Structure formats: C-alpha cells, structure tokens
Amino acid sequence: MKSVGIDIGGTFTDLVAWDPEKRIFFHAKSLTSYGDFFVSARHCLEETGISLDRVDVVRHGTTQVINAFVQRSGARVALVTTRGFRDVLEIGRANRPIAFQLRYDRNPPLVDRPLRFEITERIDAQGIIVRPVELGELNALVDRIRLSGAQSVAVSFLNSYRNPSHELQVTAQLRSLLPDLFVTCGVELTREWFEYERSSTAAANAYVGPLMADYLDAFDRGLRTGGFTGRFDLMASNGGVLTPEAGRAQPLALVESGPIGGCIAASAFAAALDLGDVIAFDMGGTTAKCALVQSGQFEVQSTYYIGGYEHGFPVRMPILDIVEVGAGGGSIAAVDDLGRMTVGPRSAGSEPGPAAFGKGGLESTVTDANLWLGRIGGGAFLGGRFTLDEGAACAALVRNVIEPLGMAKSDCDAAASGVLRIANTVMAGAIKEITGDRGHDARKFVLLAFGGGGPLHAAELARELNIPLAVIPPEPGNFSALGMLMAQPRIDNAQSFFHELNASAMPLVCALLEAIEVETRSKLQQEHPGETVSTSRFMEMRYRGQKQSTRVAADGALDAGSLRIAFETEYKRRYSHADSVHPVEIVGVRLVARLVSTKEGLLGVASPRPDAVPVVTEREVYLEGKGRMTTSVYRRDSLPFGFARSGPAVIEEFGATTMIGPDDRFEIGRLGEIRIHCGAPTT
Amino acid sequence: MNVRPMPEGSDGKDRITSEVIRQRLIAIPNIVDRNITRTAFSPIVAEYKDYAVGIVDIKGRLISQCKGGITIFVANALGTAVLDGIETYGIERIKQGDILITNHAGTMGQHLNNVVMYTPVFVPEKPELPVAFMAVVMHWVDVGGAIVGSAVSNTTTEIWQEGLQLRSVKLHDAGRPIEEMYRVIEYNTRFPRMVLGDLNAQLAGCLQGRDMMVQVYADYGIEAVETAVSLLWDQSEAATRRAIRSIANGVYRASSFLDDDGIRKGAPIPIDISVIVEDERIVIDFSNIAPQMRGPLNAGRNGGAVAAARVACKYLLTPNEPANEGAFRPLDIVIPDGKFLSARPDAAMGGSGSMLPTVIDTIFAALAPAAPDRVAAAHHGTYGIHMFFGRDPETGELFKQSDTATGGWGANCDRDGNGPFRSLVHADTHGVPVEMQEAMNPFRIDSVALRCDSGGAGKYRGGPGIEKIYTPLTQMQINVSFERTQCPPWGLQGGQPGQVGWVEIHRDSHVIGPLAKATEDIRLNDRVRVLTGGGGGFGNPATRDPHSVARDIAFGYVSAKAGREIYGVELTSAGDVDEIATSRVRASFTDWTKASPSVQNSHNQFTREEPQA
C-alpha cells in the first residue's frame, strides 16, 4: 500500500487510499469522533482493511483549526508587544464593514487586555534601533505571564517587518524561560507590514498552538501504534504540505486545510486533460466553494479573515484564494417576514438533515427541491443506502415556501424550481466574485464541478455564466480527498519591501529575492532531502498612493522598464484601464518554492471500460422553462469512453448525480469525466 | 398583521424572479465598490473609503447602494446629481457613453470635494431613453480653494474659497473623452496625478456597473426588472413602516449644541430637533436649529437635513435592510431655508459632514424615551481631524498625513457601548497603520492606547476613546478640527457622559491646548497628544453588575477610584467584588447623582422633553 489521504471534517471523516501496484482506490467514511480524533481515522482504516505498516505516506487534512476559532476553544494566550502598543489588537483598524448598525461589533480579540503585556524596545520605520530591548524587564514579564495562567505566548513588535532582531531575540528568550509554553511571533509567520495584521496573526497562531500540538501528538501516536513507519504530511492552506514539526510551529497554516485538496486535484485533472484554466467548484452540504486554477496554479491571498470580513479578524498567511457561500444541499429555503425568499446560509446539516431524510427535519432544503423535481432519484441516493421521502420534501416546500408566498398548493414544481434558481444565483455570485471581481472573464474558464452537489448544478451555473464547458470528474464526492494524495510540499515566503520602481531598486530587489530563495530552498530541502526544488518569484507593485498591490511574475532577469510594462499589462487586464505616467512603487516580494512533482498516475484509474454497456432507465424530471418531461437516467459506470447524447439526461453514481439540461450535450471523456457542452442560458 | 406587499396580479413565480433580480441589483454596487478600493490612488478613497456606488432610476430614485463607504451618501447624493443633470440637459440629450459629473453646492449641499460621476444605462429593448444610471460619488483629494485638501479649512466664509464648482458637465460625450474638461480638472487641483487616478477608478466603476446592469436587463427584460425594483422599494418601505409602528405616537424633542463655527470662537451653535411619530410616518423637524453660519460648518438641504434625517432613520428603523428609495418613503423632513443644515448655495460648506454626528445623536436622544431599545447614548461624535503636514527635511517634498478620531460609541439599553470606531457617518473606513504612517512621514507614534474612564459610566458603560502620542522628527504643522468638546457625549436614562476629545502639544514644560479647531506649528522636541472621546453610558451606574465593574477595573477600562466613587463597587485585595461593602456603599447612594462631584457635568446642556400626547 502506498498512500492514504485522511480528511477529518466537522461531521464526517473521509479516507482515500491508493495502491499503485494493484492500481486500486479504497474509500471509506465515518462519523468524526470528538475527543480522540484518531478513532474515526482508525474506523475508516478498518473499513477498508488497510494495514498501516504497509503505508508509505499519510496525508492529512483537518478542520480542527478553523473549528477552534469558530467555537473559541483555543488556548489562553498572552501577547507581548512594544511598549505603548498592547491595545493595537483590540482597536484594530476601527472600521465598521456594516454601515447602519448601532450595535455593530467585531468578534472580541483573542487575547484579553490583562493578558497583553508590553516591553520597552523600539525600532523605527527604517529598521534602525531607537531603543534596545530592556532585557531587565524580562524576568518580571515571565512572572506575570506565569501568573496570568497563559498556555501560550505571541510576540509582536512594531516595525519588526523591517528589522526582526528584537522580536526574535525576545521570542528566543521567552522560549527558554517558559519551556513548557507554546511561544510564537509575528515575523516567523509573516514578514509583511501592518502591526495589527501581524499581531493578529501571531495571536491566532498562539491560540491554536497547544491544541494542535496535542492533536498532532495523538494522531501521530495513533499512526505509529498501528505500525506506521512512513511519512506523515499535513495539508497546508497554500496547497502544499507540511511536516508535523512545521504544523506544530505554524498550526495557523492549517486553517483551510480541508478545501485545498479539491483544488490540487482540479489542477492535476486540468493538466491531464489539457483543459486550460478552470474554476474548481465544490458544492457540499452546507456551503459551496470556488477557486481558480490557472496554468496549473492557484492564487493565494495575502490577508484572510477568520470569522469573515464583516466581524472577523485578519491573518496574514498564504491561504488559498477561495470564495465560499452558504449554499449547499442542506441549505434551508425560507421566506422572511417581508415576503422575500432566501436560500441558506442556514443549513439543516446532517442532523436533522433535509426533510426528505426523514430524520426529523421539517424545513425545506435544496436537496428537497432537487428530489421533488426528480433531479435526484429517491432510491439512488448514496447508491441506494438511503431512501428519500418525496412526500416529506413536498410538505416542507408547502410549509416553507408555498404558504408564505401565497402560492397555490399545486405549485410545488414552481416553488422547488424557485429554490434552485435562488441557490444557483447565490452560487453564480460566488463564481462571479472569484472571476469578474478579480479581473477574469468567466467565459474563458472550464467549470470543474465536484463535491456531493456540484454535478447537479454545474450545467445550470455554466449556462448562467456563459461558460461553454462544464466537466464532472469521476468520483466527484471523493475528489478533495484524492487531491490530498497529489499534494506537493510548498513554501510561500512574502516580504514587505518599499521602493519606487526604478533602476536603483533592482539590485536591492535581486539581493532580497536571492536571500529569500536561499533560505526557502534550504528549508524545503532539509525537510525533503534528495528532492528537486523549483521556485517562482513575484513582485507586489502598485501605483503610488494605492492601498492594494497587484502581483506580477518576476522570474528571469529584472529591469525596471519591463517590470513597469508587466505591471501595466496585468493592471489593465484586471481593471480595464492603466496609467502610464503615475509613479509605480514596489511594496513586496514573494517567493514560492515547491518540490518538482513526480506525478502519481492517480487520474487514469477510473477510466471507462471501452466495452461497457450503457444502463439506462427513465423517469419524469422537471426542467426549467419546460416543465416535467420523461428523461433518460444513466448509470455512470456503465457509460463507455466516447458515449455522447443530447440532454436532457440524468447520470447517477454513488454519492453524486449529474444533471444535463435540455439544450446541453454531454460526452464521456477518456479519464471517465463527463463533459457537458452547455446550450444558451434559459433565463 | 399584514405588511407583506403583494403587487396586483403577481404570483409566486414572479416573486421568485424578482428575488433573483433583487440579489443581482444589490450585488452590482458592492462589486464595483471593491474594485474602486483596489484601484484608487489616494488614501482617502482607498483606505478611508470616502465614496459610494449606486444605481438610480431615471427619476433619480435610489435602487441600490453599496454596503460600506460613508453613510452620508445614502441621502441620495447620487439621485440628486442625476436629477440636476437631467434638468440641465434634458433626458433626450443624454446619450449612450456620456459621463457626467457634478459637485454643485447649491444642489448637492456638500463640500466641493464630493464629486458625483454617472453614466446612463441603455438597453436595446428601448434604445431611445436610458433605463437607469450607474453613479459613483467620490471625495476628490483636492479641488483647489484656500487650503491644501480644499474642505479642511476652519475659517472659510464663502463657497468660492473652497474650490472649483462643476455643475452637471459632461466629461465624456457619447463615449468620447472631452479633453478640455480633463484639463480644467488637472489645473484646478494641487494633486493632479492623484485626482486623475481616482477619477479613472471612478470612471471604470461607472462603466463596469453599467455593463452589469445591461446584462441584468438583457437577461430578464425591462418589465421584469421594473417589477422587481418596485417590489424591492415596497418591501423596504414596509420594513420602515413596521419599525415606525413599534414606536408610540408622539412629539419627541431633544437639544444639544456644537462648540462654535470656527470663526466666532466659543459661541455655541444650538441644535433643537423635534421628531413626530404618527402611526407609520415619521417627521423630523429641524426648524429650531441655528441659522446658517459664517464659517464652514454648513451644508445644503440635501447634504445636511436630508442626510442627517436619513442616516438617523436607517440606524434606528431598518439597520439590516439594504438602502434604497423605499426605505425613506415614510420619512418627511421639515426645515426652512438658511439654517446650517439648509444653507444657501453661497455658504462655506467645507465641514458639511462634520456637524452630522451630533445632529444624528440628537435625533436618537429625542426618540430615546419612546424607543429605548433602538437608540444608543451619544458617541464621541466628531470627525476629529488631526492632519500633520510640512516638508520632508531630506527630500524637500510636501507630506500630509490626515487622520480622524476613533472614539467610543454610546451604550444601548442592554449592552455596553462599542468601539473605538470613527463617527457614525463613517463606516468601513480603515485606520492607517502606524507602520505605514511612520514609513511615509517624519514622525514616530509612541503609543496608541485605550483611555481609562473615558467611556461614560452607566448600568451599561460607554465605549472607550483612545490616546495617541506623536513625536515629530522635524518641524511641521498640525491642523486640528474637533467638535463636541463643550457638549460631551451624553448618557441616557441616568447614564453619564463620556469624556471629550482634544489635541495638545507638550513643549518644554508647558502644554499648548486643549486644541479643538486650530492650526499650530510643531517643533522638534515637542510631543503631540491626541485624545478621543468615549461614548455615553446607559442607565444608573450604581445598578451595573458589580462583577462587570470588577472586570472593567481588571481590564483597565475603569479606574478603581471610579469603580468606588461612581459605580459604588468595592473590591477585595484580590480584585474580586466585596459584596458586603458594595451593598453598603450603593445603599448610601440614595440620590446617586449627588454621590460624587465628578458625576455632575456642568457642560452637559442636553435636555429632553417628554412626548406630548
């Protein structure tokens, strides 16, 4: 046995394993066990009969970090700042993203005021030491931290992005004086400017430090006890993997550890099929997420808000640029007291679940609407493990939608299709945000849809966005876990650097990039001896006065003139205008180092058998704008390569259903993917 | 109770289509908003977000507006501009590809930096007339006038001292840029590259929004979009009406005052406002406020009375609803011409927004007895501008770092005050990081800290203000414009006022200040101290949960002295509540207002009358 991917989510734990000799995949699913998380992983291993002593690599993604923030179940943190600045964490940027709420408030800071300590030191904006660290204050500081009952410590000093020596010095001292506490500091996580964002990042890392150390210890112990002697990798939010040691030092890097797998798989799949740039679209039970994969790469964002932009706090870590909306299979349809219909973000989850599950859920969900319209077969859900109750779905629609809107009882079809239209509008909005909002034209992308719900809605979303081709990979429900097996180690290293873009900046930038490259390469090489490392360089630039920078690739020789042209080209592509006179300044450099991928042949496994005989049945399915029509229903694993038909059609498999509209056409591609060529929008 | 508007002949399917259209109409300004933040050149647009994006119909009615930005623009700055353009040109002379701009004080009633730009939306289905307008109002950094930044003088007395006026002129004619207009703009600002850069972001925003609107009309047709818009207005109107109905009928009144107009120092400007609630309507009557001033604290009717009334109503009645025309249908505004919120077109209007926080606080105060659950005690209530400027000694270049006050907000009837935030006419306005300020200006900031005891005491405490200390690294100047130093942020229902904010300069062994409206030199070894106000408290402080007081003391929000003297809470040596001693002290507060001299506040002229039945 070679590699195993384990994805521990809030509700379910998924496992995918790959045996390269026999070329077989194994899948397993179990309820997540709180307390000892390894228990659910062990259940999955037992279900597949995999013995850990035959496993070379375990890849692990987890939602524990984000859950700790959402549930506020992290450590008691002490923060140490430059004298005069302990309140920066509480004051933040003093903005109110919601304009008219007198009661607007941010989520409270992770560190209460009595646990925020100051030490005398000062470095100026040029990095020059104005006042050395007052080391005499350290012992008293340590006593106060002890007395405060803190379990971990974050250190963040003013202007340390420019000169980190004080911050690193105090961090090292605290590590030796408080050996039993988790100690972290801002510049070890980000070298970018802005004191609030850096302090917030350090505090957030300290908040999950002790908890993740315990979690990783338990997980590691579980693996070793089972006889595992191979490599244990964690899924990082930038699409790379981390060693357990790096995960212990930077647990915050695991904040989007869950969704990253789908993007990695999408990238590999797009490359294998020559799809060009794709939108990776993942619709699950409670949310839908989308991210872009361009030339095999996905963008990482420089500031990520834990708890969302409106109420949350920023962290500066390389985290996948992903847009998430509260629309999934379990999203609840409701009508508010002013007669407006909404779908999500409230979700019925897995308990009690959609009304059709018959587990006590009474509210109408997206899944209920899909079932009522015949788009999901009642008997086929999860391979028939589960029977869905159409009567309950209809009753919920009547209660949640038809009665509040004053529609006729017989209008169940219209109500259900309304639920889907609104859910699709919300999801299309997310795709517009990740494309149009970032200067990309959605029509030039392929929509790659996966997750339990993605294939059901892909064709409609593609039509609404004028995307000509939607692709459904094989095993869409396990696509994310599959991606974990394909991940490659990667380090993103960004650093603030300010200079007007001109010839005199070039030697400085080159020297800085060289230094970062040497540091990053050796770090990656140390973790993965004997492997080949490749790097890409980027520069963050902006017009003088601007807040946000634009990222430009900076590989090869650097000169100011061509960088200016590259900047203007990228700027114009994003915003449709550019200024050729206004001064441009450099605000930072970014280096991405990754191991050169040794592609594991994971994609061809589900290739359709050429001799397969299509199994087709029929049922009535409601089609938007046409009403109920008799529609062919295919069993996916019975469709051979090259099989093609015009819609409408439904294609069913374990864990997912693909819906083909009446104006669409589909064919089965060589890796078993369903290619949907979309017709005109049906609005 | 049936408040659900149901247009004639509509059925559920139309309702669902309308909902889909509504979501797209609300999304468009928010998408444009984000791109403007990314592409603007000046910090006042990119960081301070002094702009707003919206869609208006051809009658100037607001269809939707972006979520963040500055709240004043909800007074339909956009619609007012469009209507003036239609009146000036005639709708038939507004063509596809036209871009119009205006900052005319007589119609907009705001300082001249606020420039509205808009473009018509044409659809093939009805090519002869526009169906809507996409509009962006933006604060241009400088439009000429007596002082750098145009609008920040404390001493202008006429609008012509405050910069260039452009009344409804075309910047593009049928898609063709009018180069002469660009030249006029370029040569009437001190920062042409920055203004033209911002203008490009504004222009791109108008065009992007317009194209997205065209797509909405193409997808659904004019009739369906218009049905959706009227439904959207009706729903917002219904939400407002329902909120008004929850407030007892009556005439509610409150008064306060501004420090002075910047010219006649120390002469207060009275504010006296009546709010009439009658079933589902609300009337805000400004008839008794002070007349137009000589100095720049004036606004025209739209930028003044209408803006204040609409912002106040939005906060009070429908904070969670999107802003549009319908939300304000049940609101009437009464104000004669020539008041400081309905100033004549020639009045100086540099500070056209800076009176509004106090005016809006006063409207809340009037309604406090009738709707205690909707209002808050007063907030720090000032823009609190503190602008450092001068020449860099090394490069000789002009530098300017403008900041505004972030202070405490008032407590509600069931929770402590929030903040520190900027004033309630600001919203998603980001403070500039210390590291950025220090990298760009020759000064250091030595501390940024919450101010102990600055939040007004109460059963629920006001939010805290802050204190900042600056060390100059060269000689420079500071321009200060603070309000509410004489009429502190009041408490409600027995809550105490928050502390006021000011600026002071420490030189050798003496202090210059407190400064409120002034321009001063700063020398090399000076220290500049900027203090911002706290919010007012709500309810009698002697009824505050003693454990909350103990926590406040442990957190340093409240001093042990104030805990004892104002809240009547005694602590043990371990910092826990001494229950017995606390009961004893609190029992002695029979008339708690006399418990301690510090409780009295001689500045607080705020009065309130009970509603007349």
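In chain B, the C-alpha centres of domain 1 and domain 2 lie 37 Å apart, and I should say at once that this is a predicted model, in which local features need pLDDT of at least 70, side-chain atom pairs count only at pLDDT 80 or more, and totals for chains, interfaces and linings use all residues. Residues are numbered from 1 along each chain as its sequence is written, while chains are lettered from A and ligands numbered from 1 in the order in which they are written.

Domain 1 of chain B covers 12-239 and domain 2 covers 376-605, with bounds that come from an automatic or database domain assignment. Twelve residues of domain 1 of chain B are in contact with 14 residues of domain 2 of chain B, where contact means that the C-beta atoms of two residues, placed from the backbone, lie within 7 Å. On the domain 1 side, the touching residues divide into six nonpolar, four polar and two charged; here Ala, Val, Leu, Ile, Met, Phe, Trp, Tyr, Cys and Pro count as nonpolar, Asp, Glu, Lys and Arg as charged, and the others, Gly among them, as polar.

Let me turn to the two chains together. Their contact takes 59 residues from chain A and 69 residues from chain B, and on the side of chain A, helix α12 gives the most, with seven residues. By class, that side of chain A has 27 nonpolar, 16 polar and 16 charged residues.

Which helix of chain A gives the most to the largest nonpolar core? That is again α12, residues 412-434, with 14 residues, helices being DSSP runs of H or I of at least four residues and strands runs of E of at least two, numbered from the N terminus. Of the 373 residues in this core, A:V77, A:L447, A:L448 and B:A135 touch the most other members. A nonpolar core is a set of buried Ala, Val, Leu, Ile, Met, Phe, Trp, Tyr and Cys residues joined through C-beta atoms within 7 Å, and a residue is buried if 20 or more other C-beta atoms lie within 10 Å of its own. Leaving aside neighbours within four places in sequence, the contacts of B:A135 include B:G54, B:V56 and B:Y118.

Finally, in chain B, four strands form an open antiparallel sheet in the order β13-β12-β16-β19, with pairing requiring at least two DSSP bridges between two strands. Five bridges join β12 (residues 385-391) to β16 (residues 476-481) of chain B, and B:F389 has B:Q477 as its bridge partner in β16(B).

Technical notes: Buried ≥ 20, exposed ≤ 12 C-beta atoms within 10 Å, placed from the backbone.
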